[in-house]
Amino acid sequence: MTSSLRPVAVTGTGKYVPEKVLTNADLQRMVETSDEWITERTGIKERRIAGENEATSDLATKAGRDALDNAGVKAEDLDLIIVATVTPDMAFPATACFVQKALGAPKATCFDVSAACSGFLYGMEIARQFIATGAAQNALVIGADKLSAIIDWTDRNTCVLFGDGAGAAVLQPAKDGRGEILSSHSGSNGNLDEILNVPGGGSRLPLTAENIGSKINTMKMSGREVYRHAVTTMMAATKEAIALAGLTPDDIECFIPHQANLRIIETIADKLHVPMERFFVNLQSYGNTSAAAVAIALDEAQRTGRIKSGDHLLMVVFGGGLTWASSVVRW
Ligand code: ACO
């Protein structure tokens with residue numbers, strides 16, 4: 001971050017999760033698994049699943065509206081809408097354009113960011129730079145995914161891990177230091193594309209009548225490999241953002257990590273010598289909601305009073321690509 005640019009703050013947050021709850025007991029009836037296995041290996045108890053007629057932009061719009069209300073900002077005053085997603089409504093237009101239409105935000109520039117589970121923090125950093133340079137005043141950043149649309153519901157290795165949802169934040173020039181983004185860091189490693197991806201349905205391997213049965217348009221994951229990289233990259237990214245903010249882990253009142261697996265979070269807490277009480281965890285209720293996960297967690301941490309004015313919070317994410325990002329915010 002360049003200090004000569006104007007400071008930027010998160011001035012409101014929001015979320016939306018679909019009504020339908022899918023429990024571990026429900027999954028037990030769908031694949032060979034058990035509540036005990038899922039709970040022990042991941043910490044997840046249930047997740048939300050969007051309705052058939054509910055697209056990613058529908059989830060994103062509801063979360064976006066919630067964040068605008070929370071910030072006291074009108075949709076017509078937005079000049080930037082970024083939606084982070086790997087499950088866009090369509091190849092194009094961007095999901096952000098559908099959100100623009102639904103919210104009524106005619107002045108906004110709208111586009112999507114594809115960085116899997118890291119997308120929300122990538123989007124926040126892009127918005128921060130638009131605002132820091134004066135190119136935008138009021139930005140809405142949404143992390144939204146309907147992963148249920150790209151899950152192979154017969155694959156127990158993946159289907160128990162994920163859920164649908166959306167989280168959002170409004171970013172504006174910082175006025176009194178509240179909500180100020182103190183640091184941000186990000187990175188990618190395209191060499192590890194094969195450990196987590198959706199191989200088909202794009203230009204490399206379009207869906208055809210011949211290959212449609214082979215489920216190439218669903219998520220493939222080498223769980224153990226992803227786990228190993230998740231721990232090392234989230235650890236490094238956490239330390240980087242905290243150091244960039246001129247702080248130490250002791251200064252962080254609330255850690256908001258990507259909500260993929262409780263064991264990943266516990267390992268990071270242990271390695272950082274930070275008690276688990278300082279980590280915000282809601283994956284038991286939603287599973288891994290990809291780009292939405294950290295955004296939903298931020299909103300819940302804010303609304304439940306888990307983060308208070310003046311607290312330092314650290315967000316850190318990790319996802320397919322591989323991609324990762326982290327940010328420190330003073331609430
Ligand atoms: N129920 C019961 N058994 C299962 C299930 C299940 N749902 N899934 C796998 N198993 C079995 C496996 O077949 C294997 O059996 P085997 O030993 O007979 O072969 C056994 O359980 C152990 O499997 P592992 O994969 O070694 O289990 P592990 O302890 O590594 O846990 C898990 C698997 C939960 C997937 C873990 O590796 C993990 O969380 N990885 C990270 C995943 C992640 O975070 N992905 C998202 C990244 S973010 C993004 O961009 C989407």
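Student: Which polar side-chain atom lies 2.7 Å from an oxygen atom of the ligand, and what residue does that atom belong to?

Tutor: That one belongs to R41. Keep in mind that this is a predicted model.

Student: What makes that a polar contact?

Tutor: The cut-off for a pair of N or O atoms is 3.5 Å. The R41 pair sits at 2.7 Å, so the pair is within 3.5 Å and counts.

Student: Which nitrogen contacts does the ligand make with W37 and R156?

Tutor: A polar side-chain atom of W37 is 3.3 Å from a ligand nitrogen. With R156, a polar backbone atom lies 3.0 Å from a nitrogen of the ligand. Both count, because the limit is 3.5 Å.

Student: And which residues come nearest to the ligand?

Tutor: There are 26 residues around the ligand, and T33, R41, C117, R224 and N261 come nearest.

Student: Let's move to Q259. Why is Q259 called buried?

Tutor: Buried means a relative accessible area under 20%. Q259 has 1%, so Q259 counts as buried.

Student: Where is Q259, and what does its side chain reach?

Tutor: Q259 is in the loop between β11 and α8. Its side chain reaches the backbone oxygen of P257 at 2.8 Å, and also the backbone oxygen of F280 at 3.0 Å.

Student: Which residues does Q259 touch, leaving out those up to four places away in sequence?

Tutor: Among them are I265, F280, V281, G287 and N288.

Student: How do you know that N288 is buried?

Tutor: Same kind of check: N288 has a relative accessible area of 5%, and the line for buried is under 20%, so N288 is buried. You'll find N288 in the loop between α9 and α10.

Student: What does the side chain of N288 do there?

Tutor: A polar atom of that side chain lies 2.8 Å from the backbone nitrogen of S290. Beyond its neighbours within four places in sequence, N288 is in contact with residues including I44, C117, F162 and Q259.

Student: How many cavities of 30 Å³ or more does a search of the whole structure find?

Tutor: One. About 70 Å³ of space lies in the largest cavity.

Student: What makes up the lining of the largest cavity?

Tutor: The lining residues divide into five nonpolar, five polar and two charged. E125 and R128 are in the lining, and Glu and Arg count as charged. α5, β8 and β13 each supply at least two lining residues, and α5 gives the most, with five.

Student: A325 is one of the lining residues. Why is A325 called buried?

Tutor: Its relative accessible area is 1%, and buried means under 20%, so A325 is buried. A325 lies in strand β13. Leaving aside neighbours within four places in sequence, its contacts include S118, L121, H185 and V316.

Student: How far apart are A325 and Y286?

Tutor: They are 39 residues apart in sequence and 21 Å apart in space, C-alpha to C-alpha.

Student: Last one, helix α4. Which of its residues are buried?

Tutor: T95, A96, F98, V99, Q100 and L103. Why might buried positions recur along a helix? An α-helix has 3.6 residues a turn, so residues three or four places apart point the same way.

Student: What do the buried residues of α4 pack against?

Tutor: They pack against α3, β4, β5 and β6. Right after α4 comes G104, whose phi is positive, near 80°.

Key. Residues are numbered from 1 along each chain as its sequence is written. Side-chain values use heavy atoms; hydrogens and water are left out. Helices (H or I, at least four residues) and strands (E, at least two) are DSSP runs, numbered from the N terminus. Buried means under 20% relative accessible area, exposed over 50%, partly exposed in between (1.4 Å probe, protein chains only). Contact means heavy atoms within 4.5 Å. On a 1 Å grid over the protein atoms alone, a cavity is a set of points where a 1.4 Å probe fits but cannot get out, and a pocket is an open set with protein on both sides within 12 Å along at least five of seven lines; lining residues have an atom within 4 Å of a point. Grid points are joined across faces, edges and corners, and a volume is the space filled by probe spheres set on the points. A residue is near a molecule or strand if one of its heavy atoms lies within 4 Å of it. A polar contact is a pair of N or O atoms within 3.5 Å; within protein, one must be able to donate a hydrogen and the other to accept it, and residues adjacent in sequence count only if both atoms are side-chain atoms.
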